[in-house]
Protein chains: 2
Amino acid sequence: MAWHPLDQALQLQTLPDGQWLGQTSAAYANMVGPYGGISAAQLCQALLLHPQRLGDPLSLTVNFCAPVADGAFLITARPLRTNRSTQHWWLEMQQDGQTVLSGTAVTAVRRTTWSVDEAAMPEVAPPEQCPHSDAEATLAFARSFEIRSVSGDWPSVWDGRESASQSRIWLRDKPARPLDYASLTSLADLFFPRIYLRRATLVPIGTVLMTVYFHGRAEHLVQSGDDFLLGQAYAHAFRDGFFDQSSQLWSRTGVLLASSHQVVYYKQ
Amino acid sequence: MAWHPLDQALQLQTLPDGQWLGQTSAAYANMVGPYGGISAAQLCQALLLHPQRLGDPLSLTVNFCAPVADGAFLITARPLRTNRSTQHWWLEMQQDGQTVLSGTAVTAVRRTTWSVDEAAMPEVAPPEQCPHSDAEATLAFARSFEIRSVSGDWPSVWDGRESASQSRIWLRDKPARPLDYASLTSLADLFFPRIYLRRATLVPIGTVLMTVYFHGRAEHLVQSGDDFLLGQAYAHAFRDGFFDQSSQLWSRTGVLLASSHQVVYYKQ
């Protein structure tokens with residue numbers, strides 16, 4: 001049986017002292033180097049594999065310091081501080097001795113408490129009734145995902161007409177694969193750059209950093225299985241070469257599993 | 001002439017190799033140790049003082065690894081990667097050789113481009129017509145700020161009645177002080193924990209990490225002067241001991257200067 005492309009991309013060879021050796025993956029190729037979400041997922045995977053890890057991921061911040069080149073990379077994960085129920089991490093990906101990604105993460109042992117989702121899942125048509133997004137056909141990595149468009153799809157006409165940057169999509173790995181923290185990290189970066197939607201103009205862009213907050217416990221992820229998630233993304237401001245992008249991801253049953261925030265560079 | 005309490009708190013003594021020595025400040029005391037926003041501002045200040053800094057702050061992520069004790073602290077700021085127009089930083093605050101804060105930041109040289117604020121400033125009454133928030137009287141640090149309540153104020157009755165977690169406030173340093181990136185960082189953390197508003201119940205809380213995205217260039221901050229900012233904050237999810245909190249800060253004239261996201265621990 002063939003490996004799932006994501007599991008292949010997440011294959012990390014354990015070295016001593018919290019270091020791992022990995023390889024970029026053709027299934028997640030972007031315009032230059034790999035899809036940012038897969039690089040972030042690889043950092044998350046190192047965290048998940050670390051023998052000193054306490055609890056499950058609560059947050060992950062990844063700085064895209066320089067383009068990741070196709071080929072081998074070295075990941076370092078180091079606990080900076082371990083408390084009773086939270087643990088703070090330093091993360092780094094290097095190529096040829098240079099930092100290409102840096103990051104921090106928090107893992108936590110979660111206990112059952114009073115809980116409520118304030119951001120309720122929007123009421124939308126089920127994924128089976130939504131068309132495949134035009135974004136699926138754009139770049140190599142996008143073909144490793146199933147994206148059903150609810151609203152705010154990839155522009156069909158690039159006429160520079162401005163509109164609000166909010167998109168809603170159903171999304172999952174292709175082929176479908178049970179959700180875990182690494183795949184949730186990758187999915188959180190799947191929204192195409194908001195500036196394309198806002199401006200209906202193609203300009204050079206690059207993600208500078210992203211943060212994922214994991215609201216779901218491991219069992220919430222397991223319950224979601226390989227089903228679609230509903231995602232929503234929008235920007236707050238585009239100014240002088242940088243815009244932000246916020247997103248939320250719900251399970252089909254309406255549990256908010258993750259929210260994510262990023263800063264993206266744009267030219268012009 | 002006496003120093004402004006914020007400038008006093010931001011006094012850092014330069015050591016060799018990108019290190020600074022600072023002191024916690026009674027004007028920003030919280031229940032245990034200092035107000036998180038002031039610690040984050042101190043990391044930001046080290047970045048601003050660094051002789052190798054390229055451009056202005058674009059984002060700052062601070063992990064609150066352990067409580068900061070009253071007294072001296074050591075800050076380290078180290079550029080991890082310097083590109084043509086962006087620079088990625090590692091930040092750390094230590095006390096007694098232990099990490100109490102860790103962080104990453106990005107600074108950037110910003111060029112004038114097509115720009116738009118998608119998150120328009122809500123239309124609200126001017127600060128002069130809004131009452132002082134009850135939050136001003138809660139803790140020592142809150143007395144170092146002027147907070148005018150627009151909506152969603154500090155609960156007057158703790159009856160456990162649930163309501164939406166959104167607050168809007170006008171806010172600035174007290175005494176009024178011209179805005180800079182360090183004070184903007186501090187102001188971005190001023191919203192009281194959303195769980196108090198959502199549940200009308202006081203429970204033990206602690207910020208785990210926060211990220212500030214700076215949308216404004218230095219001149220936007222200068223233009224804001226020592227005037228009020230309008231702030232808005234809300235949560236997406238409260239689950240199993242952790243909730244998130246997002247906020248936006250606009251200048252009085254309606255320029256989005258910063259947005260911020262944090263994860264907060266809660267008990268029960």
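The following exercises, each with a worked solution, concern a predicted model with chains A and B.

**Exercise 1. Overall form of chain A**

Task: Determine how many helices and strands chain A has, and assess its radius of gyration against the globule rule.

Solution.
Step 1. Chain A holds five helices together with 14 strands.
Step 2. For 268 residues the globule rule gives 18 Å, and the radius of gyration of chain A is 18 Å, so chain A is as compact as a globular protein of that length.
Step 3. The extent of the C-alpha trace of chain A along its principal axes is about 55 × 45 × 45 Å.

**Exercise 2. Burial, contacts and charge in chain A**

Task: State what percentage of the residues in chain A is buried, and describe its contacts, accessible surface and charges.

Solution.
Step 1. A residue counts as buried under 20% relative accessible area. Of the 268 residues in chain A, 61% are buried.
Step 2. Consider the contacts in chain A between residues at least 6 apart in sequence: 68% of them join residues at least 24 apart.
Step 3. Chain A has an accessible surface of about 10100 Å², and carbon and sulfur atoms account for 51% of this surface.
Step 4. Chain A carries 20 positive and 24 negative charges, and the mean positions of the two sets are 4 Å apart.

**Exercise 3. The interface between chains A and B**

Task: Characterise the contact by the residues that take part and by the area buried between chain A and chain B, and identify the three residues of chain A that supply more of its buried area than any other three.

Solution.
Step 1. Chain A contributes 65 residues to the contact, and chain B contributes 65 residues.
Step 2. Interface size is often expressed as the accessible area lost when the parts come together.
Step 3. Between chain A and chain B, about 5600 Å² is buried, with 56% given by carbon and sulfur atoms.
Step 4. On the side of chain A, the three residues are Trp114(A), Glu118(A) and Arg239(A), which supply 15% of the area that this chain buries against chain B.

**Exercise 4. A strand residue with contacts in both chains**

Task: Locate Asn63(A), decide whether it is buried or exposed, and list the residues that it touches.

Solution.
Step 1. Asn63(A) belongs to strand β3 of chain A, which comprises residues 56-64.
Step 2. The relative accessibility of Asn63(A) is 1%, so this residue counts as buried.
Step 3. Leaving aside residues up to four places away in sequence, Asn63(A) touches Val100(A), Leu101(A), Ser102(A), Gly103(A), Val208(A) and Leu209(A) in chain A, and His88(B), Thr104(B) and Val106(B) in chain B.

**Exercise 5. Backbone geometry in loops**

Task: Describe the peptide bonds that precede Pro175(A) and Pro175(B), then examine the phi values of Asp96(B) and Asp240(B).

Solution.
Step 1. The bond from Lys174(A) to Pro175(A) is cis, with omega near -5°. Pro175(A) sits in the loop between β9 (167-173) and α3 (181-187) of chain A.
Step 2. In chain B, the bond from Lys174(B) to Pro175(B) is cis, with omega near -5°. Pro175(B) is placed in the loop between β9 (167-173) and α3 (181-187) of chain B.
Step 3. Asp96(B), although not a glycine, has a positive phi of about 50°. Its loop runs between β5 (86-95) and β6 (98-108) of chain B. Asp96(B) has a relative accessible area of 81%, and is therefore exposed.
Step 4. Asp240(B), also a residue other than glycine, has a positive phi near 50°. The loop that holds Asp240(B) lies between β12 (237-239) and β13 (242-251) of chain B. With a relative accessible area of 6%, Asp240(B) is buried.

**Exercise 6. Sequence separation and spatial separation**

Task: Give the C-alpha separations of Tyr196(B) from Pro155(B) and of Gly160(A) from Pro175(A), and describe the surroundings of Tyr196(B) and Gly160(A).

Solution.
Step 1. Tyr196(B) is part of helix α4 (residues 194-199) of chain B. Its relative accessibility is 7%, so Tyr196(B) counts as buried.
Step 2. Tyr196(B) and Pro155(B) are separated by 41 residues in sequence and by 7.4 Å from C-alpha to C-alpha. Among the residues that Tyr196(B) touches are Trp154(B), Pro155(B) and Trp158(B).
Step 3. Gly160(A) occupies the loop between β8 (145-151) and β9 of chain A. Its relative accessible area is 38%, so Gly160(A) is partly exposed.
Step 4. Gly160(A) and Pro175(A) are 15 residues apart along the chain, and their C-alpha atoms are separated by 35 Å. Beyond residues up to four places away in sequence, Gly160(A) touches Arg199(A), Ala200(A) and Thr201(A).

Terms used. Residues numbered from 1 in each chain as written. Chains lettered and ligands numbered in written order. Predicted model: local features only at pLDDT ≥ 70, side-chain atom pairs only at ≥ 80, totals over all residues. Heavy atoms only, no water. Helix = DSSP H or I, 4+ residues; strand = E, 2+ residues; numbered from the N terminus. Rg over C-alpha atoms; globule rule 2.2 N^0.38 Å. Buried < 20%, exposed > 50% of the residue type's maximum accessible area, 1.4 Å probe, protein only. Contact = heavy atoms within 4.5 Å. Areas by Shrake-Rupley, 256 points an atom, 1.4 Å probe, with all protein chains shown as cover. Lys, Arg positive; Asp, Glu negative; His and termini not counted. Charge placed at Lys NZ, Arg CZ, Asp CG, Glu CD. Buried area = accessible area lost by both parts, 1.4 Å probe.
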